[in-house]
Amino acid sequence: MKVYTYTGLTKQQGEKLLFSDINFSISQGEKIGVIGVNGTGKSTLLHIIGGTEEGDSGAKEHPNDYRISLLEQDPVFDENTGLLDYMYSSPSEVFSLIRDYEKALERLQTSPNDGAIQDRLMSLQQKMDAMDAWDVSANSKAILSKLGLNDFNKKLGELSGGQKKRAALARTLIENPDLLILDEPTNHLDYQSIRWLEDYLAKYQGAVLFVTHDRYFLDRVSSKIWELSGGSLFEYLGNYSSFLEGKALREENESAQAAKNQNLYRKELAWIRRGAKARSTKQKARIQRFEELEGAVNKNTQQSSLTMDLTGTRLGKKVIELTDVDKAYGTHTILKDFSFLFKPGDRIGIVGKNGTGKSTLLNMLNGQIQPDSGTIETGQTVKIGYYKQENEDMDENMRMIAYLRDTAEVISLKDGSTISAAQMLERFLFPMNTHGTLIRKLSGGEKRRLYLLKILMSSPNLLLMDEPTNDLDTQTLTVLEDFIDNFSGVVITVSHDRYFLDKCAEQLFVFQGEGRVDKYYGTYSEYLEEEAGQKAKPQPSVPGPVQETKPKPKKKKLTYAEQKEWDGIEERMNDLENRISEVQKAMAGTGSDFEKANELLREEQTLNQELEDTIERWTELSEKLEGNE
């Protein structure tokens, strides 16, 4: 088994210490997701492991034939390079052979009777046979097609920014290294491409190390999580759900201050588990059980929730009304006869392929772009906060605290109290000792987080967000989602992020292209499942002669043991739920006795697992009973 290890890694970036004497190893087959607040050095760590950057100290060790491929977040491209030439540009013998073969094939197409080219092509074909290069070539084109790149003859300069990023991902994948390093691989991918990539990485034989903001992707791919925090690296076995649980326990042990945060992590853990169960079965009773369990888990710790409960400017009954709106750029139609009345409290998600006009709609709602025809009426009390894909111009010589105080010194909370700009920075994961930092010294992600906070502090009652998850870390997104959950105004979001939309949108605008916008009531995951189900439905067949059908045999009745188990299973579930409630009450009274709290937390986890197993069994028996009715 091939293993990559690094001991004593330290890295200083300017005045900021990113890593201090950290140690880690990466074993063959591991899928490791890297998590950390923007600015903690996630991309730097990937570059150091990938060999494109050096640590200040430390020693790495791996086999001599160990191969690493790195997908950077912002790859550099030669615009004049052809797509296939780019795919096979790695200095590998098999890729060099494929490049030569593709070029010879192109020359033969222009000079089909040239004997020298024919001989050259025959020689290359024999080498391709000997090195099994045909499989590599076919696999490369299959990966390109799966990522929506079907025209292999295009040059990189003819591709959009998103297509270039997908080409870079495809090239990294076909290199088939021992360690695959991916920095935000799901950016610019649609749902189908993301699901394909999840399956591809799950079957990948080598190790995978990746940074992503897509928490469904993180949950489905990871076998281990690394968290970067305070110059240290913390390791958690399992996926994102396991990380949330482990992080809550770690912070609970480290500091009483973490008690303010633990409920937020547990709430998200309960949500993702319930969401996963709800998406995998249609048993309403089972879903209801999970919802009741979630409510019980959160009931005792609700007071410590890290909520961003800002008052916002008062919003009247009228928000925005669009009537028969048309918008086009030349022959490209964005909207056609689009009408909609936004209401107080609306949570709208906007989805669709790139270029269909999603951001244009946000700009129209903000008054930056006018419709070609139709009307857009905005209520007099509406105050818009617009989080765009690009930051506003920042004076990079300003300090963070001064930048925020330009918007507001203090803001009001729903309970009538106030909170200062410094306190808001802390709530948005900027420690007190960083508030005087000059903006130019912040990472790109930290600038995005600061920009978002400035918008929220302006007390909007209508929040427009254009791809908010692209540059924000998972912890910041958790805080933002908690803010939205308590926000009394309207939220309209353009996003491809399934997790974020599932938590923050109750209705979707689905941009289909050519001016068509479908409206869907429900979550993004529900929409995607319905869409996939529609595509999978068989076409109606031509009616044929009526044939006599035999009645389906009834399912077997419950055995004596199963009937006895069924008679007591409801009582068993109630007993488990009551015991969980008792443990949670005991946890609330442990105070600073962390040893006792840990013991009770482990008992709670065991009971929750037992309850989940019992609910599974309840579902099996109930389905068997339904078959007898």
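This report takes a short tour of a predicted model, from its confidence scores to a helix and three single residues.

## How confident is the prediction?

Let's start with the scores. The protein chain has a mean pLDDT of 82, and 83% of its residues reach 70 or more. Two stretches are worth knowing about before you look around. Over residues 289-308 the pLDDT is below 50, though the model still gives this stretch 47 contacts beyond near neighbours in sequence.

The other stretch is residues 539-555, where pLDDT stays under 50. How many contacts beyond four places in sequence does the model have for residues 539-555? The count there is three.

## Helix H1

Now find helix H1, which covers residues 42-50. Seven of its nine residues are buried, so the helix is largely enclosed by the rest of the structure. If you want to pick them out on screen, the buried ones are Lys-42, Thr-44, Leu-45, Leu-46, His-47, Ile-48 and Ile-49.

A handy bit of background goes with this. An α-helix has 3.6 residues a turn, so residues three or four places apart point the same way.

What comes right after H1? Gly-51 follows the helix, and its phi is positive, near 90 degrees.

## Ser-193 in helix H7

Next stop: Ser-193, which sits in helix H7, residues 191-203. Is Ser-193 buried or exposed? Its relative accessibility is 4%, and buried means under 20%, so Ser-193 counts as buried. Leaving out residues up to four places away in sequence, Ser-193 touches Lys-146 and Leu-147.

## Leu-341 in strand E11

Over in strand E11, which spans residues 332-341, you'll find Leu-341. This residue has a relative accessible area of 43%. Partly exposed covers values between the 20% and 50% cut-offs, so that is the label Leu-341 gets.

Which residues does Leu-341 contact, once neighbours within four places in sequence are set aside? They are Ile-320, Glu-321 and Asp-346. You can also check the spacing to Thr-323: Leu-341 and Thr-323 are 18 residues apart in sequence, and their C-alpha atoms are 8.4 Å apart in space.

## Glu-562 in helix H19

Last on the tour is Glu-562, part of helix H19, which runs over residues 560-588. Glu-562 has a relative accessible area of 14%, so this residue is buried.

How far apart are Glu-562 and Leu-621 in space? From C-alpha to C-alpha the gap is 7.7 Å, while along the sequence Glu-562 and Leu-621 are 59 residues apart.

Key:
Residues are numbered from 1 along each chain as its sequence is written. This is a predicted model: local features need pLDDT of at least 70, side-chain atom pairs count only at pLDDT 80 or more; totals for chains, interfaces and linings use all residues. Side-chain values use heavy atoms; hydrogens and water are left out. Buried means under 20% relative accessible area, exposed over 50%, partly exposed in between (1.4 Å probe, protein chains only). Helices (H or I, at least four residues) and strands (E, at least two) are DSSP runs, numbered from the N terminus. Contact means heavy atoms within 4.5 Å. pLDDT is the predictor's confidence in each residue, from 0 to 100.
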